[in-house]
Amino acid sequence: MGVGRLIVITGPSGVGKGTLLRSLLARHPALRLSLSATTRSPRPGEVDGVNYRFITRPDFERMVAHGEFLEWAEFAGNCYGTPRASVEELLQRGEWVVLEIELEGARQIRKSFPSAYRIFILPPSLEELESRIRGRGQDSDDAIAKRLQRAKAEIDAANEFDIQIINDDFDSTLVRLEEAVFATAAMV
Ligand code: ADP
Ligand code: 5GP
């Protein structure tokens, strides 16, 4: 069985990563999206085991101490991490695994998995990013402020990635994302 492919999607909170990935996975069910663990509380409608594994900070810290994360980072006051075992198992089986993670985690993956293909999703502007976060209507003012502050630092690092895609018109962005992901087949 061949070794699979690891694809990292990064971009500021609210840029549309989750929405794009839901559409991408609906079109390509063979792609596997890694399920992250987080200490953040579920947003309305989010389900444990579907959106995230929602865990306590002591449990998260125990997993860190046991080396159970492939990468992890603190973001806007909460911890997020990619469970190592499930991703390694999928890659061993030859699957294509997608990680939707923030900048610090993507940097860790660059070191531990240099062959991972890393895609950065950019907003058309900071104003549009803020309006998408507010329009989503699921974060407190404090959480929105933290996300916007972090967004600027993340956008400054976009050039560290293999490709940058601006999420302007949704449908054409989805096509560009699809092309970027499947162009990696030629690189295996
Ligand atoms: P992220 O996962 O990056 O935090 P989301 O996928 O939750 O972002 O998207 C944030 C908001 O922006 C959602 O309300 C989503 O419907 C909206 N959105 C996503 N892509 C676009 C787009 N191309 N144009 C306008 N709104 C968008
Ligand atoms: P949110 O709270 O909006 O769901 O996610 C906040 C940020 O955490 C987003 O940028 C998202 O990509 C990132 N994130 C989600 N899961 C992980 C993970 O497992 N590791 C890292 N490093 N970041 C993650």
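A polar contact here means a pair of N or O atoms within 3.5 Å. With that in mind, a look at Asp 168 is a good way in: one of its backbone N or O atoms lies 2.9 Å from a nitrogen atom of ligand 1. The model is a predicted one, and what follows walks through its two ligands and the pocket that holds them.

Asp 168 has company around ligand 1. The side chain of Asn 167 puts an N or O atom 2.8 Å from a nitrogen atom of the ligand, and Phe 170 joins in through its backbone, with an N or O atom 3.5 Å from a ligand nitrogen. On its own, ligand 1 would expose 570 Å², and the protein buries 74% of that. Which helices give two or more residues to the shell around this ligand? They are helix H1, spanning 17–27, and helix H5, spanning 126–136. H1 makes the largest share, with three residues.

Altogether, 13 residues sit around ligand 1, and the ones that come nearest are Gly 14, Gly 18, Thr 19, Arg 136 and Asn 167. Sorted by class, that shell holds six polar residues, four charged ones and three nonpolar ones.

Now for ligand 2. Its surroundings count 17 residues, with Arg 40, Tyr 52, Tyr 80, Glu 100 and Arg 147 the closest. Several glutamates turn up in its polar contacts. Glu 100 has a side-chain N or O atom 2.5 Å from an oxygen atom of ligand 2. Glu 71 brings a polar side-chain atom to 2.7 Å from a nitrogen atom of the ligand, and for Glu 102 the distance from a side-chain N or O atom to a ligand nitrogen is 2.7 Å. How much of ligand 2 does the protein bury? Taken alone the ligand exposes 510 Å², and 96% of that is buried by the protein. In this shell, the elements that give two or more residues are two strands, E5 (69–75) and E6 (78–83). As for classes, the residues around ligand 2 split into seven charged, five polar and five nonpolar.

So much for the ligands; next comes the space around them. Ligand 1 sits in the largest pocket, and the space taken by ligand 2 is the largest pocket too. About 1200 Å³ of space lies in this pocket. Its lining is made of 41 residues, and those closest to the pocket centre are Gly 18, Arg 22, Arg 43, Tyr 52 and Glu 100. Some of these names are familiar: Gly 18 was listed among the residues that come nearest to ligand 1, while Tyr 52 and Glu 100 were listed among the closest to ligand 2.

Which elements supply at least two residues each to the pocket lining? H1, E5, E6 and H5 do, along with helix H6, which covers 141–156. H1 comes out ahead here as well, giving the largest share of the lining with six residues. By class, the lining of the largest pocket divides into 15 nonpolar, 14 polar and 12 charged residues.

Notes:
Residues are numbered from 1 along each chain as its sequence is written. Chains are lettered from A and ligands numbered from 1 in the order in which they are written. This is a predicted model: local features need pLDDT of at least 70, side-chain atom pairs count only at pLDDT 80 or more; totals for chains, interfaces and linings use all residues. Side-chain values use heavy atoms; hydrogens and water are left out. A residue is near a molecule or strand if one of its heavy atoms lies within 4 Å of it. A polar contact is a pair of N or O atoms within 3.5 Å; within protein, one must be able to donate a hydrogen and the other to accept it, and residues adjacent in sequence count only if both atoms are side-chain atoms. Accessible areas come from the Shrake-Rupley method with a 1.4 Å probe; for residues, only the protein chains shown count as cover. On a 1 Å grid over the protein atoms alone, a cavity is a set of points where a 1.4 Å probe fits but cannot get out, and a pocket is an open set with protein on both sides within 12 Å along at least five of seven lines; lining residues have an atom within 4 Å of a point. A molecule sits in a cavity or pocket if more than half of its atoms lie within 2 Å of its grid points. Helices (H or I, at least four residues) and strands (E, at least two) are DSSP runs, numbered from the N terminus. Ala, Val, Leu, Ile, Met, Phe, Trp, Tyr, Cys and Pro count as nonpolar, Asp, Glu, Lys and Arg as charged, and the others, Gly among them, as polar. Grid points are joined across faces, edges and corners, and a volume is the space filled by probe spheres set on the points.
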